[in-house]
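Here are my notes on the model, set out as numbered points so that each can be checked against the coordinates. Please read them with the structure open beside you.

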Amino acid sequence: MTTTSPSNVTVLYQCPSAYKCSDIGLVLPLMNESDWSVVLRSILYFLGMIYCFVGIAIVSDIFMSAIETITSTTRTIKVATIGPAKSTGGPKSIKDSKPDSPVAGVDRDREPEQEELQFKEVEIKVWNDTVANLTLMALGSSAPEILLAIIETIGNGFEAGELGPATIVGSAAFNLHVITGVCISSIPNGEKKTIKEGGVFVCTAVISLLAYFWLYVILGPISKNVVDVWEAVLTLCFFPILVILAYLVDKNFFCLGGKKKSKIGVMDDEDDSPIAAADGLYLSMPANHHLGKRMSVDKAKVAQVMKSVEDKNISPEDAAALVAQKIHEERPHSRAYHRASRRSMRSTHSLASKMSSASIGRDIGGDQHGSDDVRVKPDNTSSRKCVVEFTANTVSVYEGEKKARIGVKRVGNVSARVSVKYETCNGTAEAGTDFVAQKDFLIFEPQEKLKYIEIDLIDDSLEEDDETFFVKLSLDKQLSKGSNNNNNNSKERNESGSAVMEHATSSPPKVQIGSNAICTVVLMNDDEPGQFEFERPSFLVKESVGTARIPVKRQGGTDGACSVQWRAIFVSSGPGGGGDNNWGGPEEGKLNFQHGEASGCIELNIVDTSKERAMSEAAAGEGDLSRGTSLMSEQGAGDKSVQLVLTEATNGAKIGKRKSAVVTLVPDDEYAGVLDRITNLANIDLQKLNFAFRSWGEQIHEAMNVNGGEFNDAHWTDYIFHAFTFLWKVTFALLVPPPKYLGGWLTFVVSLTMIGLLTAVVGDLAAIFGCLLGLKDLVTAITFVALGTSLPDLFASKQAAATDKHADNAVGNVTGSNSVNVFLGLGLPWTMASIYWASKGEKFIVISGSFSYSVVLYSGTAVVSLFILGLRRFLPVFGNAELGGPTLPKYISSSVMLILWFLYIIFSALESYNYIDGF
């Protein structure tokens with residue numbers, strides 16, 4: 001405005017309401033900011049945008065927990081199978097057996113068992129995994145981008161905006177290039193992971209490329225800068241077409257890749273493994289929730305995890321928490337789980353540190369044996385059974401020796417030629433840095449009982465602590481499947497992996513891996529013979545263990561071959577104990593260690609007197625015990641234990657501080673009582689880890705406390721993050737109900753509403769921030785906004801790459817989400833806007849310009865990235881896997897993908913500012 005002063009001088013005044021970037025937001029600014037400096041406003045809007053992105057990430061994780069609950073819903077069916085009919089006759093006990101019967105309790109005159117139709121209750125998932133990934137889970141990961149495009153279009157009076165569409169393309173570029181590139185290189189050296197559902201991935205990848213090509217076509221060649229109603233509607237209709245096509249590929253409707261086994265996603269009650277039930281009859285039962293019912297703990301799993309715990313004095317509460325965490329992590333999870341788990345999983349850092357290297361070994365190769373505190377010697381008495389295992393579970397070697405020599409022995413049947421697989425696994429020592437990774441076959445010729453594996457070491461000439469890596473033995477499953485044929489021939493492999501044929505006059509032996517299936521290789525820097533001591537001062541042994549192996553470790557050096565003498569002293573405290581030795585075995589012995597071996601085991605033979613007692617009582621009808629040769633027979637009511645003492649070492653070795661250990665024999669019922677307590681506590685902890693079990697009060701308590709209330713495990717960074725996010729966490733905990741209500745659908749609706757509200761604010765913040773800095777909307781969208789909405793997906797995908805067995809949740813779902821972004825994020829708002837303007841007799845205008853250039857540029861870089869993934873899958877130089885593989889090729893792949901993303905950003909910005917020519 002202007003005014004004239006008395007001296008006829010014209011003075012200019014600026015209207016307070018007319019200031020820079022004040023009229024481009026839907027909600028903001030909330031107050032008059034005319035007297036604020038541009039720098040201050042830019043800083044405040046940037047911080048506000050970052051803080052809102054954090055809020056969107058938190059409420060999106062809640063949204064994902066609802067999706068995980070919904071898509072995990074199952075229903076129970078009854079599957080018909082043919083099985084033996086229930087017996088109605090025959091002997092009822094041992095006394096009923098005929099005196100001359102060759103097998104006690106078996107009636108030779110009994111008629112053959114009849115078969116009958118039986119039903120088994122199993123569970124099937126209601127949601128198909130492919131459909132769930134392309135609908136609810138894609139919506140969950142892309143909700144901010146989709147809602148931003150919808151809100152921007154509606155808020156502008158159904159006029160096209162540039163921020164929403166550009167964010168969708170920018171987010172797609174970040175997802176494909178950055179997330180995939182990071183996941184490729186995040187796999188540890190020597191490991192690799194492939195996409196399991198390759199057909200579905202190829203389908204969604206092709207459709208994602210076609211989706212962005214379609215965007216260019218409708219904005220250019222067909223009707224430039226105009227989106228007609230039929231174009232918008234067809235774009236929206238591509239979404240259900242995508243879902244249907246991907247579902248048909250998943251079911252192998254097009255017969256790609258051969259015949260696929262028919263399955264209905266049945267989850268067995270015992271091991272949660274899918275079982276084929278399509279050929280059987282089944283009866284539908286009411287639906288239930290997989291998360292609420294299926295997650296349970298059995299004692300066998302508790303015993304398996306407890307065996308891997310190094311600290312045997314761990315409390316039952318900590319043991320239960322560790323068991324629950326491990327079972328929860330081992331279950332198959334969706335992409336939604338990895339997003340939601342970042343806010344729900346309790347910290348278990350202190351518990352995880354209690355897992356020993358044996359636990360690492362079992363995670364890699366699986367545990368095939370019992371659940372005792374001591375190592376159990378496998379039964380190799382069968383004439384046809386062959387047991388292969390390492391001679392020692394720990395081998396120490398010096399880096400200067402250049403090679404680690406690890407012994408592998410075969411016991412039992414040694415008459416045939418057998419093959420086992422071995423491979424190295426990283427520990428604190430890493431392949432390529434400290435040793436050369438190996439994965440090969442080990443062949444035992446007939447009568448050959450001992451072989452050696454040699455691992456090349458890399459001497460880095462650095463002074464450092466002892467480092468470890470692992471060598472794992474496993475069965476050659478391919479040979480096992482082809483071991484029997486009509487000509488009594490067995491297929492085996494030679495050292496190079498090629499198949500060879502060897503004639504056998506009898507069936508090949510049954511091969512199993514012994515208890516020493518994992519060997520820990522310790523890289524040491526000293527040359528002392530070392531000292532011997534027990535791993536722990538006490539050991540708990542089940543009465544039914546059979547043969548217990550008490551570990552003795554050699555530390556402080558492993559130079560040269562030496563031995564240690566040991567002696568057993570019976571120390572029963574019950575009546576009649578008094579130090580008597582009723583053990584039929586030797587009272588003392590010698591444990592030999594070869595050069596480099598760092599551990600060995602004293603073997604104790606245990607007779608299960610409880611079984612003998614049961615047999616005796618069943619045969620005689622009284623309580624007298626049948627005595628046999630045992631380490632500790634029943635000596636009254638006191639404890640049954642033996643003290644092992646290391647007495648003398650040879651060749652310069654010494655006895656360490658822990659020179660004695662007490663082995664206590666525990667009845668199976670007492671051992672079971674301990675497992676029962678831990679199992680019950682673990683079930684409670686498992687429910688706390690489950691989205692579907694959390695109450696509203698627990699949700700609020702977790703939001704208001706650091707680390708969800710687990711203060712002992714909280715790091716200082718947890719306190720900082722808690723303070724920064726406290727407002728968001730408490731707000732959403734109060735307003736958004738937990739997923740336990742209405743099967744997760746209530747949480748789904750409320751959290752989606754919250755995401756929409758925050759997205760509207762973020763759109764204003766980003767638009768005003770870009771305006772204050774002089775950035776165009778397209779540049780702001782493909783950088784700041786795309787990064788803010790996609791970073792949570794990056795963290796979730798990286799977690800999935802590290803923990804999942806396959807690469808589907810890490811990168812396999814990226815192409816599907818990018819397709820859904822176009823079909824829903826642009827198809828829905830453009831359909832509404834085109835219909836609105838058509839009702840007024842006008843056209844819906846969408847200025848292509850820089851947006852079309854960005855679409856074409858992304859499409860070109862996407863073709864390159866997908867081509868790289870294809871090469872990685874089919875070329876051995878990349879390890880024949882999408883993720884991981886050889887070190888140098890995987891880092892090259894990641895670098896190329898990140899460079900493609902930077903090129904996309906740079907050239908899109910240059911075209912937007914007319915530094916280069918576009919379309």
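1. Ser-850 counts as buried, because its relative accessibility is 17% and buried means under 20% relative accessible area, exposed over 50% and partly exposed in between, with a 1.4 Å probe and protein chains only. Ser-850 lies in helix α22, which covers residues 849-874; helices here are DSSP runs of H or I with at least four residues, strands are runs of E with at least two, and both are numbered from the N terminus. Leaving aside residues up to four places away in sequence, Ser-850 touches Leu-778, Glu-911 and Ser-912, where a contact means heavy atoms within 4.5 Å.

2. On the basis of these notes: this is a predicted model, in which local features need pLDDT of at least 70 and side-chain atom pairs count only at pLDDT 80 or more, while totals for chains, interfaces and linings use all residues. Residues are numbered from 1 along each chain as its sequence is written, and side-chain values use heavy atoms, with hydrogens and water left out.

3. As for the protein overall, it contains 23 helices and 32 strands, and 49% of its 919 residues count as buried. Among contacts with a separation of 6 or more, 78% are made by residues 24 or more positions apart. The exposed area is about 43,000 Å², of which carbon and sulfur atoms supply 57%; accessible areas come from the Shrake-Rupley method with a 1.4 Å probe, and for residues only the protein chains shown count as cover.

4. How many disulfides does the count come to? The count comes to one disulfide, a disulfide being a pair of cysteine sulfur atoms within 2.5 Å. Cys-21 and Cys-771 form this link, with their sulfur atoms 1.9 Å apart, and the angle of -80° about the S-S bond makes the link left-handed. The pair joins distant parts of the chain, 750 residues apart, since Cys-21 sits in the loop between β2 (10-12) and α1 (38-71), whereas Cys-771 belongs to helix α17 (residues 745-773).

5. The cysteines can also be compared by exposure. Cys-21 counts as buried at 6% relative accessibility, whereas Cys-771, at 25%, counts as partly exposed. Cys-52 is buried, at 9% relative accessibility, and Cys-237 is partly exposed, with a relative accessible area of 36%.

6. One open sheet has five strands in the order β12-β21-β17-β14-β15, with mixed pairing; two strands pair if DSSP finds at least two bridges between them. Because β12 (394-398) and β15 (439-444) stand at the edges and each has a single partner strand, one side of each is left without a neighbour in the sheet. The twist from one strand to the next averages 25°, with axes taken as lines fitted to C-alpha atoms (for helices over the stretch in contact) and angles running from 0 to 180 degrees between N-to-C directions. Within this sheet, β17 (residues 467-475) and β21 (residues 518-524) pair in the antiparallel sense over six bridges, and the bridge partner of Lys-472 in β21 is Ile-518.

7. A further open sheet has four strands in the order β16-β13-β11-β20, again with mixed pairing. Its edges are β16 (450-456) and β20 (510-513), each with a single partner strand, so one side of each lacks a neighbour in the sheet. Strand β11 (residues 385-390) pairs with β20 in the parallel sense over four bridges, and Cys-386 stands opposite Val-511 in β20.
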